[in-house]
Amino acid sequence: MAAKTVSLPLQPLPLPHSQPPPGFVNSHCASLYVGDLDPQVTESDLVKLFSTVGPIASVRLCRDISSQKSLRYAYVNFVHHYHASMALARLNHTYLKGFPMRIMWCQRDPLSRKTGYGNLFVKNLPPSINSLQLHSLFSRFGTILSCKVAEENGKSKGFGFVQFDTEESATSALYALHDTVIDEKKLYVSKFMKKSERMAAQEELNFTNLYVKNLSEDTTEELLRDQFSKFGKVSSVAIMKDNQGKSRGFGFVNFESSEDAKNAVGALNGAFIGSKYLFVGRAQRKTEREELLKREYMERCNYTNEQLKASNLFVNNLSTSVDDNKLKKHFSTCGQLTSVKVMCLDNGISKGFGFVRFSNPEDAMKALHTLNGTTLEGKTLYVAIAQRKEDRIRTLQNHYAQFSPPETFYNCNWNVHPFFYHFPPCPSSNQLLSQPIMYQDCQQYPLVTQTYHDRFSIFVPNRQKEWDNTRDQVYQQHLLKNNGTPGGLKLDSRKKGNKRSGPGESTYTGSAGAKGGAHTAGTSPGKSRRNLEKVLAENLQITGMLLENNSSDITKLLNPPNALGCSSFGGK
DNA sequence: TTGGATT
């Protein structure tokens, strides 16, 4: 059946050391998972092959309990971690009885396999790329846990999988390698999605049935039909009613065409109909809704409260033209959203800020890092981890307590430096709640480094220059107004003391210091951005080479010698 | 052309 022949090594490999060298990788794990085995592979085949690398403690080939047929995977337990590590480097993707083995560190916790964390799907691979080459191509972006090209009868099926140990590595690889041309084929790289998830995504694109809520009591099915028919042929309208025949405030409108349904969502979601603002969105099937709720619940169970908090983002400086849908569109590029809300006044006009909740904190962090400072409808977005109201009040009160000058500061008639205008004079909790501020504290999120800047600057790190320029302009205008003097301050020594403790002074120092803080902190957006840029730059070079060179050069490029200078055992 | 694992 398989085109390739048995490929046991012809002679035992030379062992560079019988014992792990001092200071070698800290892990004690010496167990490997060996998958995708030929069904004919036996325990003795595995022992024979793996013991060429180092002493083996045990091998277990998993078999069906009743038929005793091989389940095509095994555990190989070495005596030493070092030899396990070496076997992984030398034998992964090599052929045993015609099948390339997929070797991984033994990972008993199925979570990463089940969730698809860091997992990519790659398709449109040229037939020349096998698992080892795919591994080489992706390995520059991080640590690969598992990688394979799907094969049938020894021939590539043109697609494969690469799972990294972090989402960050996977995202870097995706951005860098998607659309790269190899052997005249343009790679397609995406996040791995289970079939059910893809079907659901497809369904989301092709829906015809709409869920309509927030209906006023007097809204009739006829009125709804009238409104929705403006966008295309409506096949049914139903408002849900209670036992007394009273509207339950929600219903369904089904269109004949999915395009019309989408247009209706765009136009009528948020529209004022009857005496209320409608919510209009894709109707979910009952099972789908139940599944979603169940999944959300399960996902929440896998995260700590602190991480869950970090799935919700606060988005400020929204244009009044941005509604829930536009916000959703802008943020859904970073992952699956579970809710989007632009906060509005009673008259439906946007308050200029909103909240975006992702299904997981990783996607929320990606959005925070990639979308903070981006432009939407002409305005520069400010994105931060959302805080609960009570946390925000506490943070702000602490903030003001630290920086507020004595009461006399507010009562005097100084010509105050314009930097001070950032601060309202009376931080009562009512006032704190009445308007959004530019900054929400990140201290609750465990993965974000705490710096002075993180806690106290009201300025967005990667917009720092723009902010500084704006403030300089404000200050210049201020100077002009005051005949070129910095406000004509007449300070006695007491007042100078006050000024030094004033909020504007502290903020200015804090934000200036933040430039260093934001770019040197271990997990800061600055570093992440730099890494990504580096990776992209490297890839551009590689892509350039791939485009220019012929296939033999490409093979060399994709198939560098592995850790021990040995590319594989035969097979090909 | 979208995966996976019982020592």
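Colleague: So strands (E, at least two residues) and helices (H or I, at least four) are DSSP runs, numbered from the N terminus. Which strand gives the most to the surface near DNA strand B?

Modeller: E3, with four residues. Near means that one of a residue's heavy atoms lies within 4 Å. This is a predicted model, where local features need pLDDT of at least 70 and side-chain atom pairs pLDDT 80 or more, while totals for chains, interfaces and linings use all residues. Residues count from 1 along each chain, chains are lettered from A and ligands numbered from 1 as written, and side-chain values use heavy atoms, without hydrogens or water.

Colleague: OK, how many residues surround DNA strand B?

Modeller: There are 29, and the closest are Tyr33, Tyr73, Arg102, Lys123 and Gln163.

Colleague: What part of the DNA do they meet, backbone or bases?

Modeller: Of the DNA strand B atoms within 4 Å of the protein, 35% are sugar or phosphate, and the rest belong to bases. For the phosphate side, a polar side-chain atom of Arg108 sits 2.8 Å from a phosphate oxygen. For the bases, Arg113 has a polar side-chain atom 3.0 Å from a base nitrogen, and a side-chain N or O atom of Ser146 is 2.7 Å from a base nitrogen.

Colleague: Which other strands chip in with two or more residues?

Modeller: Among them are E1 (31-35), E2 (56-63), E8 (144-152) and E9 (155-164).

Colleague: Switching topic: is helix H5 buried or exposed?

Modeller: Nine of its eleven residues (167-177) are buried (under 20% relative accessible area, 1.4 Å probe, protein chains only), so the rest of the structure largely encloses H5. The buried ones include Glu167, Leu174 and Leu177.

Colleague: And what follows H5?

Modeller: Asp179, with a positive phi near 75°.

Note on methods: Polar contact = N/O pair within 3.5 Å; in protein donor to acceptor, adjacent residues only side chain to side chain. Buried < 20%, exposed > 50% of the residue type's maximum accessible area, 1.4 Å probe, protein only.
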